Amino acid sequence: MTDNENLRTPIVCVMGHVDHGKTTLLDRIRGSSVAAGEAGAITQHIGATEVMIDSIIERSGASGMKNNFIVPGLLFIDTPGHHAFTSLRSRGGALADLAVVIVDINEGFMPQTKESLQILKRFKTPFVVVANKIDRIHGWQPHENASFLETYNKQSERVRADLDNKFYEIVGELYNSGFNSERYDRVSDFQRNIGIIPISAVTGEGIPDLLMVLLGLAQKFLESNLHYNASGPGEGTILEVKEEKGLGTTIDIILYDGTLKKGDTIIVGSLGEPIQTKVRALLKPNPMGEISAEEKFQNVESVTAAIGVKISAPNLDDALSGATVRAANPENLETIVKEVQEELEEVQISTGTIGVTLKADTIGSLEALVNELQKEDIPIRKAEVGDISQRDIIEVSAIEDPFNAVLIGFNVKMLPDAKEKAKGADLKIFQNDVIYRLIDDYKDWVKEKKE
Ligand code: GDP
Ligand code: MG
């Protein structure tokens, strides 16, 4: 027997362009296990889905390999909407131990695909690529839940050639992004080559292969990172700040280290000073519930990493997506407050000198935006989390140099009074939910203006 007592579940983030199949893939991973009657094979968390090792091995038909794996399973983060970056962030770098970049094989690379790759590169997160929607290839004969090679070998020659062509376009795009890649079954060294797995999130074809490759990666590259201190203080990342009926403002977190208990004092990253509060309730989804708000959650005494959980506590209104949550005791409280604060200050720039002004929806996305602008040598005056406010418009339009009277908003809204103020104000505003579009638009504008 292998000793997996002290290895936590690897955290896996699914990233990719909108509509390429993130949600469908997770639904399929969840759904087919439920359908197969594998009680206990899947646990639904807040903001995440856990697939147990036995279920993965069962599904891939490799039951003889059971003892070869020492991780307990895989915890997939259900990235809310566009917030891929938020969920990827943690103290010390990346929250996700592993990532899956999903690409629609018929559509190929899109802006958010490239963006996902840039972020993974920066965090040095091991990942695989899935070429999704193979069932859409003209003439495809589906074989529910089959392994990729099994279904591939049953297709006609023309269909296989079509898949191969589309597949190699993805290989080419990955190469342009700085990655060597190959079909997963031809990769011998996953550190040198990115494995690509053709799948269909709808028919389940290729999903057993995906799960096995992820387990293999976790095993090979992460073992030393997955050791954790189950009895240590809880530490996690905020995925979402959510208003919940009867509970007020709650935070959905991924706990990546230690144990968090009801009544624990926690330090929560916020827009201002870190919040100091006490855990009132730890909530997990109630598998039977979902009918009324009261029945939606199951109240638990404590949780241990890695897990997705909702925290109900006083004063969470200003909590910040992507920021850290840490349990503290009277001895280390001051230190932890300071560390949480410093971590946020590192990202939120307020130099007061010259440059453009940035607003982003989460601390993680702001960090990504700051990083990309710095790479392009674009000076930044101020970088903050939050929607574009009236104050932002007033501040930025007061800047004399037109190249710095620029407001760049990533994944944020313009508040109504800001919209009013912006009319006729002397500034340039860029808004988008793709970083590269923002940077390109900005650069094009600068070029045009200089001519
Ligand atoms: P997300 O935005 O990345 O979460 O994408 P979704 O999972 O919402 O998928 C977008 C659309 O593509 C939905 O209509 C899905 O039903 C469809 N879709 C996703 N995966 C597949 C697939 O493998 N095959 C087919 N035919 N459709 C898919
Ligand atoms: Mg989705």
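Q: Which word fits S270 at 3% relative accessibility, buried or exposed?
A: This structure is a predicted model, and in it S270 lies in the loop between strands β14 (265–268) and β15 (275–278). A residue is called buried when its relative accessible area is under 20%. Because S270 has a relative accessibility of 3%, the word that fits is buried.

Q: Which backbone oxygen lies 2.9 Å from a polar atom of the side chain of S270?
A: Leaving out residues up to four places away in sequence, S270 touches I275, D318, A319, L320 and L344. The side chain of S270 also has polar partners in the backbone, and one of its polar atoms lies 3.0 Å from the backbone nitrogen of G272. The backbone oxygen found 2.9 Å from a polar atom of this side chain belongs to E273.

Q: Which helix gives the largest share of the shell around ligand 1?
A: The shell around ligand 1 can be sorted by class into 3 nonpolar, 7 polar and 5 charged residues. Of the 15 residues around the ligand, D19, K22, T23, T24 and D135 come nearest. When the shell is sorted by element instead, the largest share is 3 residues, and these come from residues 22–35, which form helix α1.

Q: What share of the accessible area of ligand 1 does the protein cover?
A: Oxygen atoms of ligand 1 have polar partners in the protein, since a polar backbone atom of D19 is 2.7 Å from one such oxygen, and a polar backbone atom of G21 is 3.0 Å from an oxygen of the ligand. A side chain takes part as well, with a polar atom of K133 lying 3.0 Å from a ligand oxygen. On its own, ligand 1 has 580 Å² of accessible area, and the share of this that the protein covers is 75%.

Q: What is the approximate phi of K133, a residue that is not a glycine?
A: K133 is found in the loop between β8 (127–132) and α5 (148–153). With a relative accessible area of 16%, K133 falls under the 20% cut-off and therefore counts as buried. Although K133 is not a glycine, its phi is positive, with a value of about 70°.

Q: Which residue is joined to N106 by a polar contact of 3.1 Å between side chains?
A: N106 sits in the loop between β7 (98–104) and α4 (111–123), and because its relative accessibility is 33%, it counts as partly exposed. Apart from neighbours within four places in sequence, N106 is in contact with K133, R136, I137 and K166. The polar contact of 3.1 Å joins the side chain of N106 to that of K166.

Q: Is D377 buried or exposed at 69% relative accessibility?
A: D377 is placed in the loop between α10 (363–375) and β22 (380–385). Its phi is near 60°, which is a positive value in a residue other than glycine. Because the relative accessibility of D377 is 69%, and the cut-off for this word is over 50%, D377 counts as exposed.

Q: Where does the chain place A306, the residue after the cis peptide bond from A305?
A: The peptide bond from A305 to A306 is cis, and its omega is near -5°. A306 lies in a loop, and the strands on either side of this loop are β18 (302–304) and β19 (307–312).

Q: What is the mean pLDDT of the protein?
A: Where pLDDT is low, the predicted coordinates should not be read in detail. For the model as a whole, the scores are ipTM 0.99 and pTM 0.88. In this protein 91% of the residues reach a pLDDT of 70 or more, and the mean is 88.

Methods:
Residues are numbered from 1 along each chain as its sequence is written. Chains are lettered from A and ligands numbered from 1 in the order in which they are written. This is a predicted model: local features need pLDDT of at least 70, side-chain atom pairs count only at pLDDT 80 or more; totals for chains, interfaces and linings use all residues. Side-chain values use heavy atoms; hydrogens and water are left out. A residue is near a molecule or strand if one of its heavy atoms lies within 4 Å of it. A polar contact is a pair of N or O atoms within 3.5 Å; within protein, one must be able to donate a hydrogen and the other to accept it, and residues adjacent in sequence count only if both atoms are side-chain atoms. Accessible areas come from the Shrake-Rupley method with a 1.4 Å probe; for residues, only the protein chains shown count as cover. Helices (H or I, at least four residues) and strands (E, at least two) are DSSP runs, numbered from the N terminus. Ala, Val, Leu, Ile, Met, Phe, Trp, Tyr, Cys and Pro count as nonpolar, Asp, Glu, Lys and Arg as charged, and the others, Gly among them, as polar. Buried means under 20% relative accessible area, exposed over 50%, partly exposed in between (1.4 Å probe, protein chains only). Contact means heavy atoms within 4.5 Å. pLDDT is the predictor's confidence in each residue, from 0 to 100.
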